[in-house]
Amino acid sequence: MDQQNHEAKMSLLAWQMEKGIQLVQINGQRRYGAPPPGWVGGPPPAGTEVYIARLPQDIYENTLIPLFQSVGRLYEFRLMLTFSGLNRGFAYARYGSPQDARRAIAALHRFPLRPGRAIVVCWSTQKRQLVLSGLGVSVRQQELEAKLQVLTEGIHSVTLHNSPYQGEAKLAVLKYKSHEAAARARKTLMEGNLRLGKAGIRVEWLDPQLKKKLQPCEEEPLSSWQQGSESLAVPWPVAPSVPLESVLGSLNMLCCKYGLRTPVFSSKCVQVSPNGWKKFWCQVSIPGFSVPVRGFTWVSSDRQGQSQHDQARVAAGLHLLQLLSEALEMCQLI
């Protein structure tokens, strides 16, 4: 195995020199691109990264990058490494568009790199949320936010919760703008750089079971529509002249055109004003693509011919149409 791995590493070095490929190794991973040579424009949108697993440990970028470039334009490739320099059996490939990522999954999932060694290629579930547990009862959200802004980069939101664990007072959910920012923050905080007057603070990726327990708190309506780091400045009422069927038809046509799945809507009334207007929290997502759009809108209580939930979904659908159109247009320009 050692001889085979040595030969594989020599082949990698020869390939780098021949092709002029630059690989950067940091924090247990080796990266190509971000951006690659000749790239014009900003980074690709969310929903363009695939996860690659079951890699033989002595296969490297000289084999993997040409393979994954063969199905679409590659923006970034990250290979996870052990301390000894072997790959850890998994990697990530980020493409210039969701269509290229989808082609990679269709073409390369179960691809036999070696006889009897088929790889796994699927959508990357980019973790962006951390949980700080073991916080004391005296911790205040403003104090925590201020410290995290100094210590970490790319933080999107901080939410303080009463801990569901016995013997602990509070925990905080930290949401970052990207998986990379969250991973860097986790490493920084694990090194003991956070001081809140209490020992025993732990930082971990947000566990799905814990997230489910905290869901009622996390899904409180926001002060504006949000998708990633984009948001509208103020909430707005539903346009009375737009029927839900029209919005859904336009949204479904756009999704069908680009091979995306049918959007899923959910909504709930969270507030009633004295003048009869109701505030609805709403979420709309496209399974397997990007992150959900969440936010709130005010709806009239005396609208005829359209339920209040439908009014809220019109607002959410119109906003998603705008975001999706802009994202897909950007992909076509790259």
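**Entry 1. The four-stranded sheet**

I began with an open sheet of four strands, ordered S10-S11-S9-S12 and paired antiparallel. The model I am reading is a predicted one. At the edges I find strand S10 (155-162) and strand S12 (202-205); each has a single partner strand, so one side of each is left without a neighbour in the sheet. On average, neighbouring strands of this sheet are turned by 20° against each other, direction ignored.

I then looked up the pairing of S10 with strand S11 (residues 170-176). The two run antiparallel and are joined by seven bridges. For valine 158 I noted leucine 174 as the bridge partner in S11.

Next I checked what packs on the sheet. Helix H4 (residues 141-151) lies across strand S9 (129-135), S10 and S11, and runs at about 145° to S10. Helix H5 (residues 179-190) also packs on the sheet, where it touches S9, S11 and S12. The direction of H5 makes about 155° with that of S12.

**Entry 2. Nonpolar core**

Which residues of the largest nonpolar core touch the most other members? I listed Ile52, Phe68, Phe77 and Tyr95, out of 31 residues in that core. Two or more residues each come from helix H1 (2-19), S3, H2, strand S4 (74-81), strand S5 (87-95) and H3. As background, I note that nonpolar side chains tend to be buried together in soluble globular proteins.

I followed phenylalanine 77 further. Setting aside residues up to four places away in sequence, I find that phenylalanine 77 touches Ile52 and Phe68, as well as Leu64, Ile65, Ala91, Tyr92 and Ala93, among others. The list of residues touched by phenylalanine 77 also includes Arg30, Arg31, Tyr32 and Glu61.

**Entry 3. Helix H3**

I asked which residues of H3 are buried. They are Pro98, Asp100, Ala101, Ala104, Ile105 and Leu108. Viewed down the axis of H3, these buried residues fall within an arc of 165°, so they line one face of the helix. After H3 comes arginine 110, and I noted its positive phi, near 70°.

Aspartate 100 is a charged entry in that buried list, so I looked at its surroundings: the relative accessible area is 9%, under the 20% limit for buried. Leaving out neighbours within four places in sequence, I recorded contacts of aspartate 100 with Val71, Gly72, Arg73 and Tyr95.

Aspartate 100 also has a salt bridge, with arginine 103, at 2.1 Å from N to O. Both residues lie in helix H3 (residues 98-108), three residues apart, about one turn of the helix. An α-helix has 3.6 residues a turn, so residues three or four places apart point the same way. Arginine 103 is partly exposed, with a relative accessible area of 44%, whereas aspartate 100 is buried.

**Entry 4. Other salt bridges**

I counted six salt bridges in the model. Side chains of opposite charge can pair when their charged atoms come close.

What does aspartate 58 pair with? I found arginine 114, with the closest N and O atoms 3.0 Å apart. Aspartate 58 is in the loop between strand S3 (49-53) and helix H2 (61-69), and arginine 114 is in strand S6 (residues 112-114), so the pair ties together parts that are 56 residues apart in sequence. Is each partner buried or exposed? Aspartate 58 counts as buried at 5% relative accessibility; arginine 114, at 27%, counts as partly exposed.

Arginine 78 forms a salt bridge with glutamate 76, and I noted 4.0 Å between the closest N and O atoms. Arginine 78 and glutamate 76 are both buried.

**Entry 5. Arginine 261**

My last look-up was arginine 261, in the loop between helix H7 (244-257) and strand S15 (264-272). Arginine 261 is exposed, with a relative accessible area of 54%, which is over the 50% limit. Apart from neighbours within four places in sequence, I list Cys255, Ile286 and Pro287 as contacts of arginine 261. For proline 287 I also took the C-alpha to C-alpha distance to arginine 261, which is 6.2 Å, with the two positions 26 residues apart in sequence numbering.

Conventions:
Residues are numbered from 1 along each chain as its sequence is written. This is a predicted model: local features need pLDDT of at least 70, side-chain atom pairs count only at pLDDT 80 or more; totals for chains, interfaces and linings use all residues. Side-chain values use heavy atoms; hydrogens and water are left out. A salt bridge is a side-chain nitrogen of Lys or Arg within 4 Å of a carboxyl oxygen of Asp or Glu. Buried means under 20% relative accessible area, exposed over 50%, partly exposed in between (1.4 Å probe, protein chains only). Contact means heavy atoms within 4.5 Å. Two strands pair if DSSP finds at least two bridges between them. Axes are lines fitted to C-alpha atoms, for helices over the stretch in contact, and angles run from 0 to 180 degrees between N-to-C directions. A nonpolar core is a set of buried Ala, Val, Leu, Ile, Met, Phe, Trp, Tyr and Cys residues joined through side-chain atoms within 4.5 Å. The arc is that of the directions from the helix axis to the C-beta atoms.
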